[in-house]
Amino acid sequence: MKFIVFLLVMAGCVWCYLNHEMIESKLNFSNTKIQTEQQFAKEKTIKSFNNSKRANQEQLQDALDNEY
């Protein structure tokens, strides 16, 4: 009887450990996914800013060229 209880307790410990590891790996994956999405959004914002800055410079240059 004691041996069966011991086996059940050990099985419970193994189950809890594996469950904890699985949850932790899912959290790490979620954090990595969020960081990747944030990096993509940051790069997209920088590209958009650079494109608008370049367009503004071109418009300014066109205006200066047309003025003279």
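**Reading a one-helix chain**

A: In this predicted model, Gln-39 is found in helix 1, which covers residues 2-67. Gln-35 is found in helix 1 as well.

Q: How many helices and strands does the chain have?

A: The chain has one helix and zero strands.

Q: How should one read the radius of gyration of the chain against that of a compact globule?

A: The value is set beside the one for a compact globule of 68 residues, which would be near 11 Å; the chain has 29 Å. The box filled by the C-alpha atoms, taken along the principal axes, is roughly 100 × 5 × 5 Å.

Q: What separates Gln-39 and Val-5 in sequence and in space?

A: Gln-39 and Val-5 are 34 residues apart in sequence, and their C-alpha atoms lie 51 Å apart in space. For Gln-35 and Lys-2, 33 residues apart along the chain, the C-alpha separation is 49 Å.

Q: Is Gln-35 buried or exposed?

A: A residue counts as exposed when its relative accessible area is over 50%. Gln-35 has 52% relative accessibility, so Gln-35 counts as exposed. Gln-39, with a relative accessible area of 39%, is partly exposed.

Q: What share of the 68 residues in the chain do buried residues make up?

A: Buried residues make up 0% of the 68 residues. The chain exposes about 6,700 Å², and carbon and sulfur atoms supply 64% of that area.

Q: How far apart are the mean positions of the positive and negative charges of the chain?

A: The chain has 8 positive and 8 negative charges, and their mean positions are 15 Å apart.

Technical notes:
Residues are numbered from 1 along each chain as its sequence is written. This is a predicted model: local features need pLDDT of at least 70, side-chain atom pairs count only at pLDDT 80 or more; totals for chains, interfaces and linings use all residues. Side-chain values use heavy atoms; hydrogens and water are left out. Helices (H or I, at least four residues) and strands (E, at least two) are DSSP runs, numbered from the N terminus. Buried means under 20% relative accessible area, exposed over 50%, partly exposed in between (1.4 Å probe, protein chains only). The radius of gyration is taken over C-alpha atoms; the globule rule is 2.2 Å times the number of residues to the power 0.38. Accessible areas come from the Shrake-Rupley method with a 1.4 Å probe; for residues, only the protein chains shown count as cover. Lys and Arg count as positive and Asp and Glu as negative; His and the chain ends are not counted. The place of a charge is taken as NZ of Lys, CZ of Arg, CG of Asp or CD of Glu.
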